[in-house]
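Here are some notes on the model you sent. They go from the sheet to the core, then to confidence and the odd backbone angles.

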Amino acid sequence: MPLQTDDVAMKPETTFRPANEPAADAHAHAHVRRGPSARLPTEHGDFTISSYFDRSTGIEHMAIHCGELVGAREVLVRVHSECLTGDIFGSLRCDCGPQLRLALQRISAAGRGVVIYMRGHEGRGIGIDEKLRAYTLQDQGLDTVEANLALGHAPDSRRFEAAAEILQDLGVASVSLMSNNPIKLLALQQQGLEVVQREPHEIDANPENAAYLATKREKMGHLLALSSSPASSPASRSRR
Ligand SMILES: [Zn+2]
């Protein structure tokens, strides 16, 4: 059944709200304002999807969540940066699509957790058009950091204040963050969110993205094993 986005948009704030959640106007934050929520059954499990309007960018982020979150500790969380090419078209240039699906699967298996889908984060914040230009530069030999710099951008211009506020709005008490990026963990902590631990969230490399993943490890501090050894596979690693 397709998601009836038009139906949701016509009845903002009123279509669906879990019984134990306060009214939306009780949730005013500096960066985000809670919008409507709806039930979202997926091939990975049953979730609730909640919209959050980002005042600083004028764009909506999505929280896809399940289980009781209010006051919950060590909640499995993935803060996922939008990647149209990877998430939707199955691009092999990055690891975004498989990371997103793995996060939904892990949360569904745990029975509780949140994926925050950060829109406006294409190409680590440079936008989809600039990301395509960066891809062409990468095909000419630059790595992902060099390409962003050549186009006049910072290597990473994403901001995560909205993500922290969304988690606080959902009532999450502390987080177990599925990420290979220590910077993302620090960014959430700087917003006053308690991040108890980092859960490695690694996808096996393919020939198209091996250099990209190596650059993330060598130049951007990502904690990646970059092998297909059993020890590095999330599926085989023991879970808490
Ligand atoms: Zn991607």
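1. Two strands count as paired if DSSP finds at least two bridges between them. On that basis this predicted model holds an open sheet of seven strands with mixed pairing, in the order β1-β2-β3-β5-β4-β6-β7. The edges are β1 (32-42) and β7, each of which pairs on one side only. From one strand to the next, the twist averages 25 degrees. In total, the protein chain has nine helices and seven strands.

2. Take the antiparallel part of the sheet. β2 and β3 pair in the antiparallel sense over seven bridges. Ser 50 stands opposite Ala 63 in β3. β3 and β5 also run antiparallel, joined by five bridges. Here Cys 66 has Gly 113 of β5 as its bridge partner.

3. Now the parallel pairs. β4 and β5 are parallel, with five bridges. Ser 81 lies opposite Met 118 in β5. Strand β6 (residues 175-178) and strand β7 (residues 195-199) are parallel as well, over four bridges. The chain gets from β6 to β7 through helix α8 (residues 182-190), and this β-α-β crossover is right-handed. In the β6/β7 pair, Leu 177 stands opposite Arg 198 in β7.

4. How is β5 covered, on one face or on both? Both faces are covered. In a regular strand the side chains alternate between the two faces of the sheet. On one side are Gly 113, Val 115 and Tyr 117; on the other are Val 114, Ile 116 and Met 118; all are buried. That makes six of six residues in β5 buried.

5. Two helices deserve a look against the sheet, which has the order β1-β2-β3-β5-β4-β6-β7. The twist of that sheet averages 25 degrees from one strand to the next. α3 packs on the sheet and touches β1, β2, β3, β4, β5 and β6. Its direction makes about 165 degrees with that of β4. α7 packs on the sheet too, touching β1, β2, β3, β4, β5 and β6. The direction of α7 makes about 70 degrees with that of β1.

6. α7 is mostly covered, with seven of its nine residues buried. The buried set is Ala 162, Ala 163, Ala 164, Glu 165, Ile 166, Leu 167 and Asp 169. Note that Glu 165 and Asp 169 are part of this buried set. After α7 comes Gly 171, with a positive phi near 90 degrees.

7. Which residues have the most contacts inside the largest nonpolar core? They are Val 77, Val 114, Ile 116, Ala 163, Ile 166, Leu 167 and Val 175, in a core of 36 residues. At least two core residues come from each of β2 (45-54), β3 (59-66), β4 (75-81), α3 (96-110), β5 (113-118), α7 (161-169) and β6. In soluble globular proteins, nonpolar side chains tend to be buried together. Val 114 shows how this core is knitted: leaving out residues up to four places away in sequence, Val 114 touches Ala 63, His 65, Leu 69, Val 75, Val 77, Leu 167, Leu 170 and Val 172.

8. Some whole-chain figures. Of the 240 residues in the protein chain, 32% are buried. Among contacts with a separation of 6 or more, 59% join residues 24 or more positions apart.

9. Confidence varies along the chain. The mean pLDDT is 84, and 82% of residues reach 70 or more. Among the elements, β5 has the highest mean at 98, and helix α1 (residues 5-10) the lowest at 41. pLDDT stays under 50 over residues 1-24, where the model has 17 contacts beyond four places in sequence. It also stays under 50 over residues 228-240, with 10 such contacts.

10. Please check two backbone angles. Most residues other than glycine have a negative phi, and most peptide bonds are trans. Glu 74, in the loop between β3 and β4, has a positive phi of about 50 degrees. Glu 74 counts as partly exposed because it has 19 C-beta neighbours inside 10 Å, and the buried class starts at 20. Arg 124 lies in helix α4 (residues 122-125) and has a positive phi near 55 degrees. Arg 124 is also partly exposed, with 19 other C-beta atoms within 10 Å.

Terms used:
Residues numbered from 1 in each chain as written. Predicted model: local features only at pLDDT ≥ 70, side-chain atom pairs only at ≥ 80, totals over all residues. Right-handed = clockwise from strand over helix to strand, strands pointing away. Buried ≥ 20, exposed ≤ 12 C-beta atoms within 10 Å, placed from the backbone. Contact = placed C-beta atoms within 7 Å. Core = buried A, V, L, I, M, F, W, Y, C linked by C-beta atoms within 7 Å. Axes fitted to C-alpha atoms, helices over the stretch in contact; angles between N-to-C directions. pLDDT = per-residue confidence, 0-100.
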